[in-house]
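Student: Could you take me through one part of this model in some detail? I would like to know how the helices are placed, both against one another and against the sheet.

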Amino acid sequence: MYLPASFRQDDLAELHRQIRATPFALLTSASADGVQASHLPLLLEPGEGEFGTLYGHFAKANPHWHDLQGGIEALAVFSGPDAYISPSWYAAKAEHGKVVPTWNYIAVHARGPVQLIDDRERLLQIVSRLSDRHEAGRPQPWAVGDAPPDYLNAMLRAIVGFALPIRRLEGKWKLGQNRSAADQLGIRRGLSASSEPSDQALAAHMTIID
């Protein structure tokens, strides 16, 4: 992705935190038939490999996985909070008026070769870990083992799992770092005053850079 130096996020722990905070990813890949895209919840195992490894699964009826056989590279996009930025928030508006709107956001891109998984035990491990991750903290968490065995086996036969060892990890924190400290303060105040949760979440990520 287009990544100016002022917006680059290289902190691996922060990149991993963002992936865990926004696990519903857009997985894309290219083939002779064009670009494929699937919306999938992914699980990060941070200790596997240099940048971690992502796990997920496709519905077997989804043709996307056929294009990933043989270790084809895929790109997983994790979109964080985003917000419209009004020029009226900038101190520069009162100074000279040379301001225009923009859109600020956080995004993480993870690339790597896809390794398809059809072994029942590994599939069971993937869906169990995904479920446990998202059921954690609920008063009565559901577990994969709660499903009847015959039903669970049928569900496992209907999916194809995959691992994506991350070979390249990029983060973009576009938070107004290219503007003056006064303009950044105006952005944070404007976002904080909004009733939109995404605006407030983006403001919470801002650190004013002078």
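Tutor: What follows is a close look at the helices and at the sheet beside them. The model is a predicted one, and a convenient place to begin is the pair formed by helix 3 (residues 120-135) and helix 4 (residues 149-157), whose axes lie 10 Å apart and cross at an angle of about 100°. Because angles of 65 to 115 degrees count as roughly perpendicular, helix 3 and helix 4 are described as roughly perpendicular to each other. On the helix 3 side the contact is made by Arg120, Leu123, Leu124 and Val127, which meet Leu152, Asn153 and Leu156 of helix 4; sorted by class, this contact has 5 nonpolar, 1 polar and 1 charged residues.

Turning to the sheet, its 6 strands form an open arrangement in the order 1-10-7-6-2-3, with antiparallel pairing. Strand 1 (8-9) and strand 3 (34-41) each have a single partner strand, so one side of each is left without a neighbour in the sheet. Strand 2 (residues 24-31) is joined by 3 bridges to strand 6 (residues 73-85), the two running antiparallel, and leucine 27 stands opposite alanine 76 of strand 6.

Helix 6 (residues 197-204) lies across strand 6 and strand 7 (102-113), at about 100° to strand 6. In helix 1 (residues 12-21), the residues Glu14, Leu15, His16, Gln18 and Ile19 are buried, and the buried residues of this helix pack against several strands, including strand 1, strand 6, strand 7 and strand 10 (168-174). Where helix 1 starts, a side-chain oxygen of aspartate 11 comes to within 3.0 Å of the backbone nitrogen of alanine 13.

How values were computed: Residues are numbered from 1 along each chain as its sequence is written. This is a predicted model: local features need pLDDT of at least 70, side-chain atom pairs count only at pLDDT 80 or more; totals for chains, interfaces and linings use all residues. Side-chain values use heavy atoms; hydrogens and water are left out. Axes are lines fitted to C-alpha atoms, for helices over the stretch in contact, and angles run from 0 to 180 degrees between N-to-C directions. Helices (H or I, at least four residues) and strands (E, at least two) are DSSP runs, numbered from the N terminus. Angles under 35 degrees count as roughly parallel, over 145 as roughly antiparallel, 65 to 115 as roughly perpendicular and the rest as oblique. Contact means heavy atoms within 4.5 Å. Ala, Val, Leu, Ile, Met, Phe, Trp, Tyr, Cys and Pro count as nonpolar, Asp, Glu, Lys and Arg as charged, and the others, Gly among them, as polar. Two strands pair if DSSP finds at least two bridges between them. Buried means under 20% relative accessible area, exposed over 50%, partly exposed in between (1.4 Å probe, protein chains only). A polar contact is a pair of N or O atoms within 3.5 Å; within protein, one must be able to donate a hydrogen and the other to accept it, and residues adjacent in sequence count only if both atoms are side-chain atoms.
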